[in-house]
Amino acid sequence: MASNKILKPNGAAPADEVELSVAQALVDLESSIPELRPLAISSAKEVELGAGKKSLVLFVPVPMLQGFHKIQQKLTRELEKKFSDRHVVFVAQRRILAVPGRRNNGKQPRPRSRTLTAVHDAILDDLVYPTEIIGKRLRQKVDGSKTLKIFLDSKDATSLEYKLDTFSAVYKKLTGKDVVFEFPANADLF
């Protein structure tokens with residue numbers, strides 16, 4: 001029954017125990033959250049945050065993302081109760097297409113939503129979903145390293161303060177980019 005909550009593409013590896021435990025938790029929560037019934041995940045991954053902490057990243061098919069957004073706050077709260085030592089984050093399962101070149105020139109132009117930049121920006125929006133990104137700054141140091149500073153809406157500061165390091169670690173794991181999340185002291189500047 002729990003395996004029905006995992007939608008994998010053909011030829012993908014079978015579900016591991018993390019995915020099955022998340023799927024079982026989703027099946028258990030269907031009674032209290034009826035909107036969850038038609039929704040499913042495509043995969044789940046554990047991400048190390050350091051200091052022995054872990055985060056649970058749930059990948060969702062893009063067409064179902066809106067359905068998850070409607071119940072995300074309640075679902076996150078319930079899943080964090082079930083998996084007590086982990087923070088839960090939802091990200092859409094997106095595809096990045098290669099730049100068309102001489103050898104792999106397709107019949108159609110590559111959609112903007114399939115570019116690396118667009119996918120990384122969309123992952124950023126998915127990570128912080130209940131709140132909004134109000135500003136971005138790219139800081140380039142003398143040694144050549146880049147750090148992306150993301151400013152979040154300060155009205156959600158109390159509910160998301162504890163997850164900022166989780167967002168950074170998950171984004172680093174998924175994209176390889178360093179990012180710092182913070183709430184601006186004076187939001188009037190944005």
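Q: At 38% relative accessibility, does K172 count as exposed, partly exposed or buried?
A: The general idea is that a residue counts as buried under 20% relative accessible area and as exposed over 50%, with partly exposed in between. In this predicted model, K172 has a relative accessibility of 38% and therefore counts as partly exposed.

Q: With which residue does K172 form a salt bridge, and how far apart are the closest N and O atoms?
A: The general idea is to look for a side-chain nitrogen of Lys or Arg within 4 Å of a carboxyl oxygen of Asp or Glu. Here the partner of K172 is D178, and the closest N and O atoms are 3.1 Å apart. D178 is also partly exposed, its relative accessible area being 38%.

Q: How many salt bridges does a search of the whole structure find?
A: The search returns 10 salt bridges. One of them joins the side chains of R37 and E30, at 3.5 Å from N to O. R37 is exposed, with 51% relative accessibility, whereas E30 has a relative accessible area of 10% and is buried. Another joins D153 and K155, whose side chains meet at 3.7 Å, N to O. Here D153 is the buried partner, at 16% relative accessible area, and K155 is exposed, at 58%.

Q: Which residues are linked in a network of salt bridges?
A: The network links E46, K54 and R86.

Q: What is the order of the strands in the open sheet, and what kind of pairing does it have?
A: The sheet is open and consists of three strands in the order 1-2-3, with mixed pairing. Strand 1 and strand 3 each have a single partner strand and stand at the edges, so each has one side without a neighbour in the sheet. On average, neighbouring strands of this sheet are turned by 25° against each other, direction ignored.

Q: How many bridges join strand 1 to strand 2?
A: Seven bridges join them, and the two strands run antiparallel. Strand 1 covers residues 43-50. Individual pairs can be followed along the two strands: A44 has L58 as its bridge partner in strand 2, and G50 has K53. The hairpin of these two strands has two residues between them, and there A51 takes a positive phi near 60°. As background for reading such strands, side chains in a regular strand alternate between the two faces of the sheet.

Q: Which helix lies across strand 1, strand 2 and strand 3?
A: Helix 5, residues 164-175, lies across these strands and runs at about 115° to strand 1.

Q: How many residues has the largest nonpolar core, and which have the most contacts inside it?
A: The general idea is that nonpolar side chains tend to be buried together in soluble globular proteins. In this model the largest nonpolar core has 24 residues, and V22, L36, L58, F68, L75, L79 and F90 have the most contacts inside it. At least two residues of this core come from each of helix 1 (17-29), strand 2 (53-61), helix 2 (65-82) and strand 3 (86-93). Helix 1 gives the most, namely six residues.

Q: Which residues does L75 touch, not counting residues up to four places away in sequence?
A: With those residues left out, L75 touches L26, L29, I33, L36, F68 and F90. Separate from the core just described is a second core of 22 residues, among them I123, L127, A157 and V179.

Q: In which strand does T147 lie?
A: T147 belongs to strand 5, residues 146-152. At 15% relative accessibility it counts as buried. Neighbours within four places in sequence aside, T147 is in contact with R137, L138, R139, K141, D178 and V180. Among these contacts is D178, the residue that forms a salt bridge with K172.

Q: Where is the place of A98?
A: A98 is found in the loop between strand 3 and helix 3 (116-127). With a relative accessible area of 54%, A98 is exposed. Separation in sequence and distance in space are read independently: A98 and T115 are 17 residues apart in sequence, while their C-alpha atoms are 7.6 Å apart. Not counting residues up to four places away in sequence, A98 touches N104 and R110.

Technical notes:
Residues are numbered from 1 along each chain as its sequence is written. This is a predicted model: local features need pLDDT of at least 70, side-chain atom pairs count only at pLDDT 80 or more; totals for chains, interfaces and linings use all residues. Side-chain values use heavy atoms; hydrogens and water are left out. A nonpolar core is a set of buried Ala, Val, Leu, Ile, Met, Phe, Trp, Tyr and Cys residues joined through side-chain atoms within 4.5 Å. Buried means under 20% relative accessible area, exposed over 50%, partly exposed in between (1.4 Å probe, protein chains only). Helices (H or I, at least four residues) and strands (E, at least two) are DSSP runs, numbered from the N terminus. Contact means heavy atoms within 4.5 Å. Two strands pair if DSSP finds at least two bridges between them. Axes are lines fitted to C-alpha atoms, for helices over the stretch in contact, and angles run from 0 to 180 degrees between N-to-C directions.
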